[in-house]
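Please read the following account with the coordinates open beside it, moving from one pair of packed elements outward to the chain as a whole.

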Amino acid sequence: MQIQARHLDTTTIFDVSGDIDFANSPEVRQALLREIRESHTARVIVNLGQVRYIDSSGVASLVEGLKASRDLGSRFILIGLSISAREVLQLSRLIKVFEIYDNEEQALAT
Amino acid sequence: MMALCSNPRLLSTVRGAVESLAEMLGFPAAQRRSITRAVDEALSNIVRHSYGNRFDQPITLYFRRARRRRGNCVERGLEIVLCDRGPAIDPNKLRRRSLDELRPGGLGLHFIHEAMDTVEFTRKGARNRLRLVKYFAPTSTAL
């Protein structure tokens, strides 16, 4: 799993690749929370286009990112969800809690 | 049978093996993903709760074809048993949490129950034993 942050004006974009599971979800959580709390950007986009699998601990990391963003008045957006990622968000009834777009262009246009 | 240590870095390998086995048995893609997810979550729970995040403890998985009769139908499927040697688990801690509140954590058991037709936890001797079964859609024996 790899996670890298890019900055576009008032937006931080995280590009994540690989599987997010119990082995590496703490790394995702730490990267998201550090950036959200330190940068205070208006919009955080997590690009999951290269993520094949997310387990419950990965979902928990995204929920923590969402809550931290809300606390600071930022938007927290997910893009590029795989079938598997969409399934776990539906199973956990979080699919309507997150702001989700197909791709970066759509997310940046909102 | 698959024997491994409780290192989370092995989870992706197990996921690959389970997905391949489910495909070989003929499960459709959505069920392959859910079975794989259930086994992955069960393993993570063993590492986290049974072994307290110690990464050198033994876990054994057993796989076999399952079969049950329901009326005139025979259902076939896949049985997966996960065994660990951690301390006994309080069955009350194996309940799914409500999904009504927005909070991280506690989703793994929910994923397991959503994916599998049978989820049975037992303690046998010094071993915890989690039995998971997923059946195909039933077929009539009259055919």
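**A helix pair and its chain**

In this predicted model, helix α1 of chain B, covering residues 11-25, packs against helix α2 of chain B, covering residues 29-50, at an angle of about 145 degrees and with the two axes 9 Å apart. Two packed helices are described by the angle between their axes and the distance between the axes. To these values one can add the handedness, since the crossing of α1(B) and α2(B) is right-handed.

The residues that bring the two helices into contact can be followed on either side: α1(B) contributes B:L11, B:V14, B:R15, B:V18, B:E19, B:A22 and B:E23, which meet B:Q31, B:R32, B:I35, B:T36, B:V39, B:D40, B:L43 and B:S44 of α2(B). By character, the residues of this contact divide into 7 nonpolar, 3 polar and 5 charged.

Turning to the chain that holds this pair, chain B has 3 helices and 6 strands, and their order from the N terminus on is β-α-α-β-β-α-β-β-β. Among the contacts in chain B between residues at least 6 apart in sequence, 66% join residues at least 24 apart.

What of the overall dimensions? The C-alpha trace of chain B spans about 50 × 35 × 30 Å along its principal axes. Because a compact globule with 143 residues would have a radius of gyration near 15 Å, the 16 Å of chain B agrees with that expectation. Of the 143 residues in chain B, 30% are buried, where a residue counts as buried if 20 or more other C-beta atoms lie within 10 Å of its own.

Notes. Residues numbered from 1 in each chain as written. Chains lettered and ligands numbered in written order. Predicted model: local features only at pLDDT ≥ 70, side-chain atom pairs only at ≥ 80, totals over all residues. Helix = DSSP H or I, 4+ residues; strand = E, 2+ residues; numbered from the N terminus. Rg over C-alpha atoms; globule rule 2.2 N^0.38 Å. Buried ≥ 20, exposed ≤ 12 C-beta atoms within 10 Å, placed from the backbone. Contact = placed C-beta atoms within 7 Å. Axes fitted to C-alpha atoms, helices over the stretch in contact; angles between N-to-C directions. Left-handed = near helix turned anticlockwise from the far one by under 90°. Nonpolar A, V, L, I, M, F, W, Y, C, P; charged D, E, K, R; others polar.
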